[in-house]
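This report describes selected packing and pairing features of one structure. Helix pairs are treated before the sheet.

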Amino acid sequence: MTSTLPEQIPDPNPHFVNQVTVLDTAMAAVRRARAEGHQATVVFGGGPGIGKTAVALMLAERARELYPDGRLFARLNGDLDDEGIEAAILGDFLQELGEGRADLPDRLDARRARFHSLTKDKRLMVLLDGVVRAGQVRMLAPGGAGSLVIVTEAQPLGTLAAHGPATFLDLAPLEDTAALALFERVLGETEVARNRTAIEEIIQLCDQLPLALTVVAALLRRFPQRPAERLLRDLRDERRRVRALSRGDDVSVAAAFNLAKSRLNDTALACYHAIGSQPSSGTWSAGALATALKLPEIDVEDGLRDLAEARLAEELTGERYLVRDLVRLHARDTDPAEPEERERRSERLLRHWFDGTVAADQLIAPARPWRARFLPAQRLVVRHADRETAWQWLHRERANLRAAVEYAYSVGEDVLVARWCVVLWPFYESGKLLDELLATHQLGRAAAARLGDAALASLLATQAGFAHYLRREVDEAITAFDSAVDQARETGDRELEASAVEGLGLALHTAGRISDARDQLSRNLELATAIENPRRIALARMHLAKALPPEAALPLLDQAGSHFEAHSETVNAAKTETWRGIKHLEAGALDDAERTLAHALAVMAQARRRFDEAVALEALGDVAASVGRPELAHERYSEALTIFEDLRFALNSDAVRGKLRAVGNPDE
C-alpha cells in the first residue's frame, strides 16, 4: 500500500454568493467540534435547487487548512438506496487512500472496518452529496475524532443526531441583493445595470432559487446577443418557464425536481400533481387537496407531510403548506392526468372555496339580504363551526379565494364569478381589503355584463362604489354609484336602487356637496320606507343624519340606534353612536359627545372594526381639542393616524395629520 493524499472535492462555484450567516455558523460548529475533541458533522438541508451542494463546497474550501490529510467526495444523488452504492463508495475511498483494487474486501462491513481503521488517526474531510438515509452517513464517515463530514440532504436526516453531535442548517432562497450579486459576478456590473429592471423580475419569477438563477445567468452570458427581455418573456409564460430553466442535466431545474419527485409514494405523488391544478395561490390545506383528489383528508395530510419532507412544500402554521411557483409549474407539467380529469379537479377546488365563502358569509353577515336574492339554496360541501372559525378560514384562504375568482373568470364561469363577489363583500369590506375587493369586482362586473344581468351588475357596481368611497376616491365612487342607480332603475328593483342611491349620497357628502347628498339620502329613506324593511329604514335614517344639522340628525340617530340595539346589530348600533357623538360635538354638547364616542370606540375595538375605531378616535380627538386638552387630543389623533396609515386611507391620514399639527406636539 502506498501513501497518497486524496483530493476529490471539486472547487467551489466561482460565482457563489450569499449564505454568509450559514457558512459562519457552519465554521463555528467545525471549530467547536475540534475544540471538544469529536468529529464534526455539518448537514445542509433545503429544497431542490436551493444550493446545498454549492454551500457545502464553499464550506469545504473554507475549512481546507484544518484537514490536511485529504478530502474525499461522493455523490449519492438520492437515487440508490441499497448497500451497493455504499460499498462502491467505500471501495473508491479506500483506493484514494492507497489501497490496491485487488486488496479491497468484498463485503460492505469489511470495507467499512478497513476504512475506519485507516482514518482513525487522520484529519480528513468527507463531503457526501445527496444523502438519502442517516445510515449512509454513519457508514461512510471516517474513523476517529479528528475529521469533518459535510452532508447535503436528499431527504431529511433527523435521526442522524441520535448517533452523535451534528449541526443541521437549512438554506433559504437568495435575498434580492445576493441574487443581483450573482448576476453581476457572471455578467458584470455594467450589463446588470443596463438590464436591471428585467433581471429583477427574472429573480422573482425564479423564486430566488439559486439553481434557476444560475441557469438564467449562464444563458445570458452564453448568448449575449439575446436581450434579457427575450428570456423574461419566456419566463413570464407559465407554460414555458420550467423548460426555459432546464437546458441540461447538469444545471436543470426540471432534473432537480424530477429527482425529488421520484422518491414520493403514491399518495404524495397524487398530492404533488394536484398542486399543479388551477386555481391556487400556492398555499394549500389538506381539506382543499382532499376535495380536489376525492381522497380522505387524513391520507392527504400524510401526503403533504411527505412533500414537505421531500422539500417540495414548506409547512406553515395552521397545518398549511406553501408550494413555490416553480414547483407548482413542474407539478403541472409532469401531471399524467388527462385534461378532463384536471378540469374536474379544478372544478372541485372552485366548489370547495366557493362553498367555504358562502358558509362564512352566512355566519358573518346573517342579516344581509343579497345572498338569498342572488344565490340559490344549495347543499354546501364546506361548513364552519362558528363565526370566529369562519373569519379564520377566510383569512387563511384569502389569497386562494382571489386566485379562484380570477381563474373562474378566465374559464368563463361568469355566474360563479358574479355570485362570488356578492358573498365576498362582507369579508373584504369589514377588513378594508379594498384592493382585493376592487380587483375581484372588476371581474364580477364584467361577468355580470357578459351575462346581461342588470340586477347583478347594479349590486356589484354599488359594492365597488363603496370600496372607492372607503378609499376616499370620491369621483370613482360617484361614477360607480351613478352606474348602479341606472342599472337598478332598468330592472325596476327598488331595493337595488335604494342601496345605490345610499352610496351616491354618502359619496356626495364626502365630496362636500352637502345639498346634493341630502337630496340623495332623503330619496334613500323614501325608498326604504316604501320597501317597508325596518332594517333598511334604520340604515337610511343613520346615513341621512350625517348630512343634517344636529337638531334634525339626533332624532333620526336615536330611531336608528333603537332598531339596531333591539336586533342585536352591535356594529351598526356603534356606528350610530359614533355619529351621535359627532352631532353632539357639532352642537357643543361635549360631555355627551365624549361619553357616546368612548362607548362606540370600545364596541368597535372589541369587534375588530379598525376603520370605525379610527373614526371614533379622530372624533374623540376633536372633543379633546375643543375642551382645551391638547395632550389628550394628540394621543387620540396619533392612535387614529396609525390605523388609517395601516389601512392605507390616505385622505383620512392627511386630515388627521393636519389636526395633529394644529394641536402641536406636547413633548416638544
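In this predicted model, helices α22 (residues 434-451) and α23 (residues 454-470) have axes that cross at roughly 160°; since angles over 145 degrees count as roughly antiparallel, the two helices are therefore roughly antiparallel to each other. Their axes come within 9 Å, and α22 passes α23 in a left-handed crossing. On the α22 side, the contact is made by L434, L437, L438, H441, G444, R445 and A448. The α23 side contributes L456, A457, L460, A461, Q463, A464, A467, H468 and L470. By class, the contact of α22 with α23 comprises 11 nonpolar, four polar and one charged residues.

A second helix pair is formed by α8 (residues 196-205) and α10 (residues 228-236), whose axes come within 10 Å and cross at roughly 25°. Angles under 35 degrees count as roughly parallel, and α8 and α10 are therefore roughly parallel to each other. Their crossing is left-handed. In this contact, A198, E201, I202 and L205 of α8 meet A228, E229, L232, L235 and R236 of α10. The classes represented between α8 and α10 are six nonpolar, no polar and three charged residues.

The axis geometry of the two pairs is set out below.

| Helix pair | Axes come within | Crossing angle |
|---|---|---|
| α22 and α23 | 9 Å | roughly 160° |
| α8 and α10 | 10 Å | roughly 25° |

The model also contains an open sheet of five strands, arranged in the order β2-β3-β4-β1-β5 with parallel pairing. Its edge strands are β2 (71-75) and β5 (167-170), each of which pairs on one side only. On average, neighbouring strands of this sheet are turned by 15° against each other, direction ignored.

At one edge, β2 pairs with β3 (residues 125-131) in the parallel sense over five bridges. Within this pairing, A74 has L128 of β3 as its bridge partner, and R75 stands opposite D129 in β3. Helix α1 (residues 20-36) packs on the sheet, where it touches β1 (40-45), β4 (148-153) and β5. The direction of α1 makes about 160° with that of β1.

Although β2 is an edge strand, four of its five residues are buried, so β2 is largely enclosed by the rest of the structure.

How values were computed: Residues are numbered from 1 along each chain as its sequence is written. This is a predicted model: local features need pLDDT of at least 70, side-chain atom pairs count only at pLDDT 80 or more; totals for chains, interfaces and linings use all residues. Side-chain values use heavy atoms; hydrogens and water are left out. Two strands pair if DSSP finds at least two bridges between them. Axes are lines fitted to C-alpha atoms, for helices over the stretch in contact, and angles run from 0 to 180 degrees between N-to-C directions. Contact means heavy atoms within 4.5 Å. Buried means under 20% relative accessible area, exposed over 50%, partly exposed in between (1.4 Å probe, protein chains only). Angles under 35 degrees count as roughly parallel, over 145 as roughly antiparallel, 65 to 115 as roughly perpendicular and the rest as oblique. A crossing is left-handed if the near helix is turned anticlockwise from the far one by less than a right angle, and right-handed if clockwise. Ala, Val, Leu, Ile, Met, Phe, Trp, Tyr, Cys and Pro count as nonpolar, Asp, Glu, Lys and Arg as charged, and the others, Gly among them, as polar.
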